[in-house]
Amino acid sequence: YQRRVRGAQCVESALKQVHRGPDDFYCHPVTNGLFCFVRLNVMDRSDSGRQPFIFGQYTAMTNGEIYNHKALEEDHKIEPVGRSDCELIPALFEKVGTDLPKLLNGMFATVVVDNKTGHVFIARDHMGIIPLYWGSDSKGRMYV
């Protein structure tokens with residue numbers, strides 16, 4: 001799903017959520033778009049826990065908690081840089097593709113962008129504990 005997102009509108013929308021993540025606010029460009037993130041420091045309070053997480057051609061942002069992240073890192077030989085449980089998402093996506101949600105034990109909503117193709121993968125936990133809303137406007141811009 002490829003759509004162009006205007007940066008100013010993305011930032012404006014994200015700023016409405018700053019109260020939910022008062023520890024940091026930043027934006028990161030991805031192919032055909034922009035990731036904006038308001039951060040609530042929980043698992044990894046260092047800069048290495050700052051999203052989005054990038055591995056190879058994949059960039060990911062995730063809200064939630066991955067309970068089995070250590071086992072997945074070991075099983076798939078993923079070397080984390082920091083202590084965030086969500087850091088493994090882009091590296092694991094590179095290895096397993098769209099089977100990613102089947103392997104994750106936890107509550108999560110995630111977006112993975114393939115920066116070479118512009119494809120966007122969106123997933124959430126099977127129970128929908130973490131809400132995930134997405135849509136597009138009349139100009140074809142996608143919002144997640």
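What follows is a walk through this structure, from its overall layout to a cluster of aromatic rings and the elements around it. The model is predicted.

Start with the layout. The protein has 144 residues, and 40% of them count as buried. Its secondary structure comes to four helices and eight strands. Along the sequence the pattern reads α-β-β-β-β-α-α-α-β-β-β-β. Among contacts with a separation of 6 or more, 50% are between residues 24 or more positions apart.

Now take the sheet. Four strands form an open sheet, in the order S3-S4-S5-S6. The pairing is antiparallel. S3 and S6 stand at the edges. Each has a single partner strand, so one side of each lacks a neighbour in the sheet. On average, neighbouring strands of this sheet are turned by 20° against each other, direction ignored. Strands of a sheet pair through backbone hydrogen bonds, either parallel or antiparallel.

Look at the S5 and S6 end of this sheet. S5 covers residues 106-114, and S6 covers residues 120-124. The two strands run antiparallel and are joined by five bridges. Ala-109 stands opposite Arg-124 of S6. Val-112 stands opposite Phe-121 of S6. The hairpin of S5 and S6 has five residues between the strands. In this hairpin Gly-118 takes a positive phi, near 85°.

S6 has two faces. Phe-121 and Ala-123 make up the covered face. Val-120, Ile-122 and Arg-124 make up the uncovered one.

What lies across the sheet strands S3, S4, S5 and S6? Helix H3 does, running at about 110° to S4. H3 spans residues 89-96. Its buried residues are Ile-89, Pro-90, Ala-91, Leu-92 and Phe-93. The buried residues of H3 pack against the strands S3, S4, S5 and S6. They also pack against helix H2 (69-75) and helix H4 (100-103). Gly-97 follows H3, and its phi is positive, near 60°.

One residue of H3 deserves a closer look: Phe-93. A pair of aromatic rings is described by the distance of the centres and the angle of the planes. A search of the whole structure finds two aromatic pairs. Tyr-58 and Phe-93 form an edge-to-face pair, with 5.2 Å centre to centre and 70° between the planes. This pair links distant parts of the chain. Tyr-58 is in strand S4 (residues 58-66) and Phe-93 is in H3, 35 residues apart. Tyr-58 has a relative accessibility of 12%, so Tyr-58 counts as buried. Phe-93, at 10% relative accessibility, also counts as buried.

Phe-93 has a ring pair with Phe-121 as well. Their centres are 5.1 Å apart. The planes stand at 40°, so this pair is tilted. Phe-93 lies in H3 and Phe-121 in S6, so the pair ties together parts that are 28 residues apart in sequence. Phe-121 counts as buried because its relative accessibility is 14%, under the 20% cut-off. Together, ring pairs link Tyr-58, Phe-93 and Phe-121 into a cluster. The cluster thus brings in S4 and H3 through one pair, and S6 through the other.

H3 also has a part in a pocket. The second largest pocket holds about 200 Å³ of space. It is lined by 14 residues. Ile-54, Phe-55, Glu-79, Val-81 and Glu-87 are the closest to its centre. Which elements give two or more residues to this lining? They are S3 and H3.

Finally, turn to Val-30. This residue is in strand S1 (residues 24-30). Is Val-30 buried or exposed? With a relative accessible area of 13%, Val-30 is buried. Leaving out residues up to four places away in sequence, Val-30 touches Phe-35, Thr-59, Val-113 and Asn-115. Pro-52 is 22 residues from Val-30 along the chain. The C-alpha atoms of Val-30 and Pro-52 are separated by 9.8 Å.

Key:
Residues are numbered from 1 along each chain as its sequence is written. This is a predicted model: local features need pLDDT of at least 70, side-chain atom pairs count only at pLDDT 80 or more; totals for chains, interfaces and linings use all residues. Side-chain values use heavy atoms; hydrogens and water are left out. Rings of Phe, Tyr and Trp (its six-membered ring) pair if their centres lie within 6.5 Å; planes under 30 degrees apart count as stacked, over 60 as edge-to-face and the rest as tilted. Buried means under 20% relative accessible area, exposed over 50%, partly exposed in between (1.4 Å probe, protein chains only). Contact means heavy atoms within 4.5 Å. Two strands pair if DSSP finds at least two bridges between them. Axes are lines fitted to C-alpha atoms, for helices over the stretch in contact, and angles run from 0 to 180 degrees between N-to-C directions. On a 1 Å grid over the protein atoms alone, a cavity is a set of points where a 1.4 Å probe fits but cannot get out, and a pocket is an open set with protein on both sides within 12 Å along at least five of seven lines; lining residues have an atom within 4 Å of a point. Grid points are joined across faces, edges and corners, and a volume is the space filled by probe spheres set on the points.
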